[in-house]
Amino acid sequence: MAKAKELAIEDKLKALYELQVIDSKIDEIRTLRGELPIEVSDLEDEITGLQVRTGNLNQEIAKLTQRITDNNIKIADADALTKRYEDQQMNVKNNREYDALTKEIEMQKLDIELAKKKIRDANKEIKNIESYLKESNDKLDERKKALEVKQSELEKITEETKKEEADLLAKSEKASIIIEE
């Protein structure tokens, strides 16, 4: 009876040793992959961030372009009003009307200058954003290429070790059943 217990303990110790060997081999396989899964995940996150950034930059360019269009319309409207006021100045009946029209013409010219300044500022900002957008797109392309390389490396390593790892995991489960908690 004592011999049966010893055999059971001896079998349990052998199973424990076998489990440790199997788990060590599984760890070796996972170590072979190294940091690749983490690097792939980081690159995917970075690519997503860059895509969001470039989308936001494109939206900002669209807003600035719309602002330029709006200011061009303001300039055209102010030019039309200026011409109309100048025509009205020729038919005034007193100095007060003339002065009022002169002030309106000056106001329209100031509006034109302000709109032109806003257009220049928007064009400068668009150039800055386009420069930054180009850098972001270049960086995005670079990261996509790096991701492709890392993914192919990871797939190659995973494919090479997939069957062996599955077999080892199955053996590990069988060996762990024999062992008590």
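In this tour, a residue counts as buried when its relative accessible area is under 20%, as exposed when that area is over 50%, and as partly exposed in between. Keep those cut-offs in mind as you select residues. What you have open is a predicted model.

**Stop 1: the first helix**

Select residues 2-33 to pick out helix α1, where Leu16 is found. Leu16 has a relative accessibility of 34%, so this residue counts as partly exposed. Now add Ile9 and Leu13 to the selection: with Leu16, they make a nonpolar surface patch of about 270 Å².

**Stop 2: Ile47 in the second helix**

Next, select residues 36-89. This is helix α2, and Ile47 has its place here. Is Ile47 buried or exposed? With a relative accessible area of 8%, Ile47 is buried, because that value is under 20%.

Which residues does Ile47 touch, not counting those up to four places away in sequence? Select Leu140, Arg143, Lys144 and Leu147 to see them. You can also draw a distance from the C-alpha atom of Ile47 to that of Lys139: the separation is 8.9 Å, although the two residues are 92 places apart along the chain.

**Stop 3: Arg143 and its partner**

Stay in this area and select Arg143, which is found in helix α3. Leaving aside neighbours within four places in sequence, Arg143 is in contact with Leu43, Glu46, Ile47 and Leu50.

Of these contacts, look closely at Glu46. Side chains of opposite charge can pair when their charged atoms come close. Glu46 and Arg143 form a salt bridge, and their closest N and O atoms are 2.8 Å apart. This pair links distant parts of the chain, with Glu46 in helix α2 and Arg143 in helix α3, 97 residues apart. Glu46 is partly exposed, at 28% relative accessibility. Add Glu142 to your selection as well: Glu46, Glu142 and Arg143 are linked in a network of salt bridges.

**Stop 4: Thr54**

Move along helix α2 to Thr54. Thr54 is buried, with a relative accessible area of 8%. Leaving aside neighbours within four places in sequence, its contacts are Leu133, Ser136 and Asn137.

How far apart are the C-alpha atoms of Thr54 and Asn137? They are separated by 7.2 Å, while the residues lie 83 places apart along the chain. Show the backbone too: a polar atom of the Thr54 side chain lies 2.9 Å from the backbone oxygen of Gln51.

**Stop 5: the nonpolar cores**

Now select Leu64, Ile68, Ile75 and Ile129. In the largest nonpolar core, which has 13 residues, these four touch the most other members. The elements giving two or more residues to this core are α2 and α3, the latter covering residues 95-178. Which element gives the most? It is α3, with 7 residues.

Zoom in on Ile75. Not counting residues up to four places away in sequence, Ile75 touches Ile112, Ala115, Lys116 and Ile119. There is also a second, separate core of 9 residues, which includes Ile47, Leu50, Leu147 and Leu154. You have already met Ile47 as a buried residue.

**Stop 6: salt bridges along the third helix**

How many salt bridges are there? The count comes to 5. For one of them, select Lys117 and Asp121, whose side chains meet at 3.0 Å, N to O. They are separated by about one helical turn, because they are 4 residues apart in helix α3. Lys117 is partly exposed, with a relative accessible area of 43%. Asp121 counts as partly exposed too, because its 35% falls between the cut-offs of 20% and 50%.

Then select Lys134 and Asp138, which form a salt bridge with the closest N and O atoms 3.1 Å apart. Both lie in helix α3, 4 residues apart, about one turn of the helix. Lys134 counts as exposed at 52% relative accessibility, whereas Asp138, at 40%, counts as partly exposed.

**Last stop: the end of the second helix**

Finish with Gln89, which is in helix α2. Gln89 is buried, with a relative accessible area of 14%. To see its surroundings, select Tyr98, Leu101, Thr102 and Ile105, which Gln89 contacts when neighbours within four places in sequence are left aside.

Key
Residues numbered from 1 in each chain as written. Predicted model: local features only at pLDDT ≥ 70, side-chain atom pairs only at ≥ 80, totals over all residues. Heavy atoms only, no water. Buried < 20%, exposed > 50% of the residue type's maximum accessible area, 1.4 Å probe, protein only. Contact = heavy atoms within 4.5 Å. Core = buried A, V, L, I, M, F, W, Y, C linked by side-chain atoms within 4.5 Å. Patch = residues over 30% accessible without salt bridge, like charges linked within 9 Å, V, L, I, M, F, W, Y side chains within 5 Å. Areas by Shrake-Rupley, 256 points an atom, 1.4 Å probe, with all protein chains shown as cover. Salt bridge = Lys/Arg side-chain N within 4 Å of Asp/Glu carboxyl O. Polar contact = N/O pair within 3.5 Å; in protein donor to acceptor, adjacent residues only side chain to side chain.
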